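Please work through the following exercises on side-chain pairing and helix packing. Each task is followed by a solution in steps.

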Amino acid sequence: MSDKAPVVLIMGPTASGKTALAKGLYDTLPCEIINVDSTQFYRDMDIGSAKPNADELRAYPHRMLSFLDPAELYSVGRFVDDVCVEIDAIHQAGRVPLLVGGSMMYFKALVNGLNDLPPTDLVIRRRLEAIVARRGIQFVHRGLAKVDEVSAKRLHPNDSQRILRALEVFLMTGSTLSSMHQPVSSPLNDKYEWLPIILCPENRALLHEKIACRVDAMLDGGLVSEVEKLYTRGDLNLEFNSSIRSIGYRQVWMYFDGVMTYESMRSRVIIATRQFAKRQYTWLRSLSSQFKRSLTLDSSSILSADNDADREYRKQELMKKVLHYVQTSIGE
């Protein structure tokens with residue numbers, strides 16, 4: 001058994017069953033849950049982020065939930081600092097931190113570490129924002145491609161926050177952001193014993209069906225009204241607020257802009273979520289190779305269950321494997 005402090009990581013694509021697994025561990029072991037879903041960091045963004053409701057949070061408290069205003073910027077570096085404070089507080093209380101979510105970039109930062117990037121230069125940033133206002137973010141994205149082709153290919157042409165950051169770093173240092181994003185060894189690896197549990201449904205068709213059902217449930221549950229409240233605030237926009245560019249929020253925002261019909265908006269949310277899940281699989285394959293040991297589970301059987309009783313039975317079978325892995329790892 002390692003003398004490093006254990007930290008359980010539950011990772012997987014959207015709608016793969018991470019929340020149910022976290023609840024099962026919380027009910028069985030002395031765990032505390034830390035949210036690692038970037039959209040759930042924001043207040044007033046509950047339905048589209050699939051945030052636990054009030055009753056669920058009373059039964060299963062989450063740290064790092066609803067602590068940001070949607071207008072706030074939040075960096076990966078700040079996340080690492082914040083989550084380590086929470087992890088250490090849980091360890092000091094004699095409990096085990098349980099990090100749960102689908103924001104793979106944040107998990108990667110914990111395991112691979114962060115390169116030393118320069119702080120934001122407000123003069124350069126304002127100059128770039130002025131260019132965006134005059135010429136559009138696609139123009140700036142094409143400019144990025146000329147100096148940092150790797151970053152330009154990685155970033156969506158409408159992802160203004162990251163495009164501006166990549167150009168800003170180049171203008172400040174003369175080096176590309178992509179060259180600074182090469183994996184490094186995180187100092188946290190010497191402090192914490194990562195216990196990754198990776199949910200990877202092998203049946204993608206089942207996951208796609210689950211995603212479509214989840215999107216419809218969000219729309220029926222009031223997603224449009226939730227976005228309307230953000231839309232009418234007047235201080236948020238797609239260009240400079242990463243919170244609003246989250247899947248679901250972006251498409252409903254565009255619906256209010258008159259860019260698409262309701263049916264087109266619904267279809268776009270489903271497609272974008274499926275594409276995001278595909279990227280999550282890619283991140284997971286890369287991340288899994290970074291760990292000395294991990295537990296990878298196919299949750300397709302749960303997604304394909306015919307009824308609640310069958311689904312619960314299959315969850316319990318999966319949970320037996322999880323408990324054995326965690327208990328063996330932490331020596332309980």
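The exercises below concern salt bridges and one helix pair in this predicted model.

**Exercise 1.** Determine which parts of the chain the salt bridge between Lys-4 and Glu-193 links, and classify the burial of both residues.

Solution. Step 1: the side chains of Lys-4 and Glu-193 form a salt bridge, with an N to O distance of 3.8 Å; the cut-off is 4 Å, so the pair qualifies. Step 2: Lys-4 belongs to the segment before strand E1 (5–11), while Glu-193 lies in strand E5 (residues 192–199). The two are 189 residues apart, and the pair thus links distant parts of the chain. Step 3: buried means under 20% relative accessible area, and exposed means over 50%. Lys-4, at 24%, is therefore partly exposed, whereas Glu-193, at 18%, is buried.

**Exercise 2.** Which strands does the salt bridge between Glu-32 and Arg-63 tie together, and which network do these residues belong to?

Solution. Step 1: the closest N and O atoms of Glu-32 and Arg-63 are 2.9 Å apart, in a salt bridge. Step 2: Glu-32 lies in strand E2 (residues 31–35) and Arg-63 in strand E3 (residues 62–63), so the bridge ties together parts that are 31 residues apart in sequence. Step 3: Glu-32 has a relative accessibility of 19% and counts as buried; Arg-63, with 24%, is partly exposed. Step 4: through salt bridges that share partners, Glu-32, Arg-63, Glu-86 and Arg-95 are joined into one network.

**Exercise 3.** Locate Asp-159 and Arg-245, and state whether each is buried or exposed.

Solution. Step 1: Asp-159 and Arg-245 form a salt bridge whose closest N and O atoms are 3.2 Å apart. Step 2: Asp-159 is in the loop between helix H7 (149–154) and helix H8 (160–173), and Arg-245 is in the loop between helix H11 (223–231) and helix H12 (249–256). The partners are 86 residues apart. Step 3: Asp-159 is buried at 11% relative accessibility, and Arg-245 is buried at 9%. This bridge belongs to a whole-structure total of 21 salt bridges.

**Exercise 4.** Describe how helices H5 and H6 pack, and the make-up of their contact.

Solution. Step 1: helix H5 (residues 122–135) and helix H6 (residues 137–147) have axes 7 Å apart and pack at an angle of about 125°. Step 2: this angle makes H5 oblique to H6. Step 3: Ile-131, Val-132 and Arg-135 of H5 meet Ile-137, Phe-139 and Val-140 of H6. Step 4: the contact residues comprise 5 nonpolar, no polar and 1 charged.

Definitions and conventions:
Residues are numbered from 1 along each chain as its sequence is written. This is a predicted model: local features need pLDDT of at least 70, side-chain atom pairs count only at pLDDT 80 or more; totals for chains, interfaces and linings use all residues. Side-chain values use heavy atoms; hydrogens and water are left out. Helices (H or I, at least four residues) and strands (E, at least two) are DSSP runs, numbered from the N terminus. Buried means under 20% relative accessible area, exposed over 50%, partly exposed in between (1.4 Å probe, protein chains only). Axes are lines fitted to C-alpha atoms, for helices over the stretch in contact, and angles run from 0 to 180 degrees between N-to-C directions. Angles under 35 degrees count as roughly parallel, over 145 as roughly antiparallel, 65 to 115 as roughly perpendicular and the rest as oblique. Contact means heavy atoms within 4.5 Å. Ala, Val, Leu, Ile, Met, Phe, Trp, Tyr, Cys and Pro count as nonpolar, Asp, Glu, Lys and Arg as charged, and the others, Gly among them, as polar.
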